[in-house]
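Q: Could you take me through a close look at one part of this protein? I would like to follow a single residue and then see a little of what lies elsewhere.

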Amino acid sequence: MTDDKPREECGVFGVWAPGEEVAKLTYFGLFALQHRGQEAAGIAVSDGRQVVVFKDLGLVSQVFDEQTLTSLRGHLAVGHTRYSTTGATTWENAQPTFRTTATGSGLALGHNGNLVNTAELHDEVRELTARHNGTGFTATTDSDLITELLAATSADIGLEEAATRLLPRVRGAFSLTFCDEQTLYAARDPHGVRPLVLGRLERGWVVASETAALDIVGASFVREVEPGELLAIDENGLRSSRFAAPEPKGCIFEYVYLARPDTHIAGRSVHATRVAIGRQLAEEFPVEADLVIPVPESGTPAAIGFAQGSGIPYGQGLVKNAYVGRTFIQPSQTIRQLGIRLKLNPLRDVIRGKRLVVVDDSIVRGNTQRALVRMLREAGALEVHVRIGSPPVRWPCFYGIDFASRAELVAGDLDMDGVRRSIGADSLGYVSLDGLVQASEQPASRLCAACFDGNYPIPLPDDAQLGKHLLEEIIANDGKLTAGYGAAGALNQP
Ligand code: SF4
């Protein structure tokens, strides 16, 4: 089934709470973060003597059952849901990643984001393993490189110090939760590209990708983990240190689509932001119409805002087959041809004879909107006006979001009228970047908007060193990058 939406890389969760069922808390935390990754899930638990990891491919509910969770006993845990932007979908690449240090201590790590100096870090790992007569390097994710480097250096100096020394050399987007037998750690890259928050339980602490994951386990929000901050939580309490000066560049796409609407980012409600985007759209692209309908669920708040801003009634015109995107059963060719009908079904009585405004969060390849416009016309719509809660996506993301390749992005080389004709709408309007930034209530200088404007806030290495399957490529070529690998158009392919 083709999915025409950008895909978030991962969700991370960590808990330190002696006396609580930490594996179950993590399980529910991961449930709340399932939208951030649906290919694999894992939980690492420590009881103070050893770190045990359980992970597998599949949804959180498919990977864990009562028996497994009950067997994972301890006072701290780290959890992860994965969608791969680096490395293939294999069991080995599921997280938390795990290593044993030279002193026999365990280390488990979960990572959300994507690094941009993977090749450099890989060289470092090769040198280290050669020096220590290591058995060789098998990881094919940037996350596993971090784990390997931390494990290799922490035997002598301890994990906290190893992280303080390593993290300034790690470039790109990373929100990390990791642990050894005693201590839970959390760290966020100096740009704070991906979210990471700290919460308080009555008898412990929680760190999570989104505030919605704090809510589900009954933790109260304390604050965001600061860009460039390392947190350590153990029986001595919570310690905070800086490994780099903060230069905030939070991902603006979290507000558009990636984060849950009930999450808060930088103090701003994601839902309220999306409603404000809709109001802004109504101002920037007014239209005469009878009904505003959302593309559920992600277009709903912006459609509400558009209706508020325009005075046009809001209604439900499409019903979502909520669980179809979560199936692991591959559809046959005949079923695949149903395309959008697998996901959305029109309410014909509502739509017939109406001039519609259809509000969606973003356009990536344009396939969904093209099929949608056709479906609404077949259901009797007189006019279909499409309004989009983000500017045209024109550039790939190197910081943890898997869009289509640049060649596949419908706005890659078409102007707005070209996209309108391509999707067959009567009119089309994208919210302006200024309008989007205004809705987020963050200063533009603290946001990344590179997929819209091409200004990448974290410098990128040569094209040849970026790509989803970079590490597999390096290993297959005995440590050397092949010439010409990863032309821009081939980056970030699922
Ligand atoms: S390029 Fe786009 S999706 Fe990627 S971090 Fe920046 S704003 Fe977010």
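In which helix is the place of S440?

A: Happy to help. This is a predicted model, where local features need pLDDT of at least 70, side-chain atom pairs count only at pLDDT 80 or more, and totals for chains, interfaces and linings use all residues. Residues are numbered from 1 along each chain as its sequence is written, and side-chain values use heavy atoms, leaving out hydrogens and water.

S440 sits in helix 15, residues 433-440 (helices are DSSP runs of H or I with at least four residues, and strands are runs of E with at least two, numbered from the N terminus). S440 counts as buried because its relative accessibility is 0% (buried means under 20% relative accessible area, exposed over 50%, and partly exposed in between, with a 1.4 Å probe and protein chains only). A polar atom of the S440 side chain lies 2.7 Å from the backbone oxygen of V437. Setting aside neighbours within four places in sequence, S440 is in contact with Y255, R268, T273 and L447 (contact means heavy atoms within 4.5 Å).

Now to another residue, C10. It belongs to strand 2, residues 10-16, and C10 counts as buried because its relative accessibility is 0%. UniProt, in an unreviewed entry, places the feature "active site" at C10 (such positions are given in the numbering used here, feature names are shortened, and annotations may be inferred rather than shown by experiment). Not counting residues up to four places away in sequence, C10 touches R36, H80, T81, R82, Y83, H111, N112 and S209.

Finally, F28 lies in helix 1, residues 22-32, and counts as partly exposed because its relative accessibility is 42%.

Definitions and conventions:
Polar contact = N/O pair within 3.5 Å; in protein donor to acceptor, adjacent residues only side chain to side chain.
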